[in-house]
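Work through the following exercises with the sequence and the coordinates at hand. Each task is followed by a solution in steps.

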Amino acid sequence: MPTLLRLHRLKFLALLLAANLGLLLHLAVGDLKGITEWVWLDILGEGGSAFLALAWLGLILKSRPAGRVTNLLALGLGCVFFSWWIDLLDEFVRMPESIVWDHWLESLPMPVGLVLLTWGIYHWHHEQLAISVQLEKRERLFREHRQFDKLIPLGTADYLRRQIELELVESRRQQRPLSLVAIDLDDFDSLNQRFGHAEGDAVLQALTQLLLLNLRRQDLLCRLAGDRFVALLPDTGESQARQIAEELRLAVASLAHRSRQHGERLQLRASVACAMALEEDAETLLARLNQALERAKRPLALSA
Amino acid sequence: MTIARRWYERDSRLIAAHQQPAVLIDLCLGRGINSHKLLRGVGVFHEDILAGQLRISPEQYLRLIGNARQLLDADDSAFLFGQRLLPGHQGAASQALALAANLGEALALLVELRALLTPLLAPRLVLDADYAYLSWHDACGAGEQLDFLLEASMAAVVAMSRRLGGEHLPWRFHLRRARPRQIEQYWVHLGEDLHFAGPCDLLRLPRECLTQPWPQAAQTAAAVAARQAREALCALEGPASLLDSLNRWLLRHVREAPSLERAAEAFGMSPATLKRKLKKHHSSYQEQLDRVRLDVALYLYQVHGFGNDQVASHLRFHDATNFRRSFKRWTGLSPSAARELIRV
């Protein structure tokens with residue numbers, strides 16, 4: 001995301017300026033060492049550390065919007081980098097014995113930087129707690145970004161499977177019921193045909209928000225595939241799951257989604273099904289849920 | 001005896017780039033993928049495709065598919081692609097499909113116009129008293145893209161039948177591949193009647209579904225469109241791929257267990273040339289012959305209810321034991337297990 005990096009242009013500029021100033025000061029006062037005097041191990045160690053600190057700074061700034069926590073982290077890492085940078089310069093420039101400020105320049109920024117960094121990480125922790133609340137119903141106790149859906153801000157089927165497995169163990173241990181609810185849009189294909197696939201994607205995104213609103217705090221919503229969603233309901237028996245499923249179905253039916261192009265209302269309908277976990281693994285439970293959904297979707301096809 | 005010497009090969013430039021390949025390109029562009037990355041190694045530019053005259057070879061199309069899969073990096077790519085393929089934008093051929101009187105007519109057109117509608121994977125339609133079977137055969141040496149093509153083609157036919165017929169049909173799916181990790185994609189985009197690790201890639205449907213009339217059928221317009229599509233087919237290098245043509249020739253002569261030399265003669269080339277051409281398509285003569293014998297065996301089991309002895313003698317094996325051993329080599333399954341799998 002180049003836009004995020006652009007936000008932090010000033011910070012990089014300041015760091016560049018400071019590093020240059022350090023270099024100029026050293027060159028002004030000291031003499032260059034000959035190649036024979038270079039200590040390669042030190043150069044590699046100190047140079048490598050400085051380079052890594054710079055890489056961390058780049059990655060953090062690239063992934064974070066501007067703000068207080070970002071400033072703290074950037075300032076901290078900036079100081080750490082500066083300290084290692086000055087340390088590295090010593091390897092190339094011999095300073096006269098009478099000069100002491102270079103020791104200050106080398107040693108002072110490090111503790112200051114580490115304190116700032118610690119302070120920043122502490123606030124980052126609080127920030128993450130706040131974000132986790134926003135991710136409620138989408139993520140439970142385990143994070144793997146490779147299992148995030150690419151289109152919709154939800155976990156994928158793989159994430160769901162893993163969560164079901166964890167929750168099955170937990171529910172057995174605590175002797176509590178566990179249920180799944182599946183929600184599937186009817187005629188999603190014809191909606192795609194009529195309004196275009198971009199509109200179809202927008203419907204799925206709107207639907208995600210709607211379903212999240214209608215779930216409880218402890219529930220988890222994932223996208224199984226296509227237009228099919230599955231909610232994991234811990235501590236929920238079959239009748240309660242059925243009631244929640246019905247409420248979700250009604251919510252979808254009364255959603256007034258407006259198309260992006262002409263603003264006309266798209267009438268959505270969904271089929272729902274639920275399954276309570278028995279003595280089985282995640283795969284069987286999901287398969288059973290899916291069969292229940294197929295029955296709910298096509299009562300006629302099966303009797304034929 | 002030679003057959004008509006017209007077929008297309010892996011490097012024949014016959015696929016109109018602004019038709020099927022463009023569907024895949026649009027899908028990728030819609031997901032924010034850079035067109036230069038997508039077309040890397042394909043040897044064409046997006047601007048050339050937009051000009052509307054460019055034709056690419058199966059090899060280039062396969063490369064494009066490989067790039068798209070890698071860049072989309074999603075389990076549902078093949079299904080999303082497939083759902084947009086049929087009736088599609090292939091001019092008269094698509095129009096003929098869209099105006100067909102019923103599914104049976106549409107599937108017959110799909111098979112006849114396969115070089116236009118599904119150039120990489122050849123469909124074959126077989127009927128018995130109860131069911132219609134649509135099987136899929138690698139036409140150009142798809143290699144690691146085969147699963148993608150199968151998923152896309154099956155999704156395409158299922159989506160077309162639902163779109164044009166207006167209802168869900170009780171499709172059954174047989175696939176040679178093992179049960180995939182992303183099984184939920186199959187559930188959602190195809191259906192739940194799925195059978196993996198079988199002897200063939202096949203769709204099955206109760207026969208009466210073929211004749212239910214489609215609401216938007218237009219007999220006269222459909223006939224004209226079909227005629228125009230046939231003209232377009234004649235303008236191609238051939239109405240079927242080399243592998244596909246060889247397959248059909250072998251089907252006719254399978255009981256004579258024809259040698260490579262005889263096949264080469266029928267195709268008007270030297271045995272060495274045929275060998276080389278098959279190698280270019282990542283295959284060999286023995287593999288093609290075995291594939292056809294397997295198809296015939298399955299057909300005889302399923303449609304005629306033959307037993308092992310009858311199939312063995314039909315295919316001119318010395319005895320049933322010999323046949324069983326060969327069958328196991330072809331599929332990794334015993335004949336009875338395979339029969340069980342497709343009969344269920």
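The exercises below deal with a predicted model, and they go from whole chains to single residues.

**Exercise 1. Overall form of chain A**

Task: Determine how many helices and strands chain A has, and decide whether chain A is spread out or compact by the globule rule.

Solution. The secondary structure of chain A amounts to 12 helices and eight strands. For 304 residues the globule rule gives 19 Å, whereas the radius of gyration of chain A is 29 Å, well over that value, so chain A is more spread out than a compact globule. The C-alpha trace of chain A spans about 95 × 55 × 30 Å along its principal axes. As for burial, 32% of the 304 residues in chain A are buried. Among contacts in chain A with a separation of 6 or more, 73% join residues 24 or more positions apart.

**Exercise 2. Overall form of chain B**

Task: Apply the globule rule to the radius of gyration of chain B, and state what share of chain B is buried.

Solution. Chain B holds 18 helices and seven strands. A compact globule of 344 residues would have a radius of gyration near 20 Å, and the 20 Å of chain B agrees with this. Its principal-axis spans, taken on the C-alpha trace, are about 60 × 45 × 45 Å. Buried residues are 43% of the 344 in chain B. Of the contacts in chain B with a separation of 6 or more, 70% are between residues 24 or more positions apart.

**Exercise 3. One helix, two sides**

Task: For helix 9 of chain A, compare the span with the expected one, and find which residues are buried.

Solution. Helix 9 of chain A covers residues 197-213, which is 17 residues. From its first C-alpha to its last it reaches 25 Å, close to the 24 Å expected at 1.5 Å a residue. The buried residues in this helix are G200(A), V203(A), L207(A) and L211(A). Viewed down the axis of helix 9 of chain A, the buried residues fall within an arc of 65°, so they line one face. On the face turned away from that buried side are the exposed residues A198(A), Q209(A) and L213(A).

**Exercise 4. A hairpin in chain A**

Task: Describe how strand 4 and strand 5 of chain A pair, and say which residue stands opposite C222(A).

Solution. Strand 4 of chain A, residues 220-225, is mostly covered, with six of its six residues buried. It pairs with strand 5 (residues 228-234) of chain A in the antiparallel sense, over five bridges. Within this pair, V230(A) in strand 5 is opposite C222(A). The two strands form a hairpin with two residues between them. In the turn, G226(A) has a positive phi of about 50°.

**Exercise 5. Cores and the contact between chains**

Task: Identify the residues with the most contacts inside the largest nonpolar core, and state how many residues each chain gives to the contact between chains A and B.

Solution. The largest nonpolar core has 141 residues, and the residues with the most contacts inside it are L180(A), V181(A), C222(A), V230(A) and A96(B). Helix 9 (residues 146-165) of chain B supplies the largest share of this core, 12 residues. Another core, of 21 residues, lies apart from it and includes L73(A), L75(A), V80(A) and F82(A). Beyond four places in sequence, the contacts of V181(A) include V230(A), A231(A), L233(A) and A241(A).

The contact between the chains takes 16 residues from chain A and 16 residues from chain B. On the side of chain A, the elements that give two or more residues are helix 8 (188-195), helix 9, strand 4 and helix 11 (282-297). Helix 11 of chain A gives the most to that side, with three residues.

**Exercise 6. Unusual backbone in chain B**

Task: Locate the cis peptide bond, and decide whether D73(B) is buried or exposed.

Solution. Most residues other than glycine have a negative phi, and most peptide bonds are trans. A cis peptide bond joins L86(B) to P87(B), with omega about -5°. P87(B) is in the loop between helix 5 (77-83) and helix 6 (92-98) of chain B. D73(B), not a glycine, has a positive phi of about 45°. The loop between helix 4 (58-72) and helix 5 of chain B holds D73(B). D73(B) is exposed, because 12 other C-beta atoms lie within 10 Å. A197(B), likewise a residue other than glycine, has a positive phi near 55°. It is in the loop between strand 6 (194-195) and strand 7 (202-206) of chain B. With 14 other C-beta atoms within 10 Å, A197(B) is partly exposed.

Technical notes. Residues are numbered from 1 along each chain as its sequence is written. Chains are lettered from A and ligands numbered from 1 in the order in which they are written. This is a predicted model: local features need pLDDT of at least 70, side-chain atom pairs count only at pLDDT 80 or more; totals for chains, interfaces and linings use all residues. Helices (H or I, at least four residues) and strands (E, at least two) are DSSP runs, numbered from the N terminus. A residue is buried if 20 or more other C-beta atoms lie within 10 Å of its own, exposed if 12 or fewer, and partly exposed in between; C-beta atoms are placed from the backbone. Two strands pair if DSSP finds at least two bridges between them. The expected span of a helix is 1.5 Å times one less than its number of residues. The arc is that of the directions from the helix axis to the C-beta atoms. The radius of gyration is taken over C-alpha atoms; the globule rule is 2.2 Å times the number of residues to the power 0.38. Two residues are in contact if their C-beta atoms, placed from the backbone, lie within 7 Å. A nonpolar core is a set of buried Ala, Val, Leu, Ile, Met, Phe, Trp, Tyr and Cys residues joined through C-beta atoms within 7 Å.
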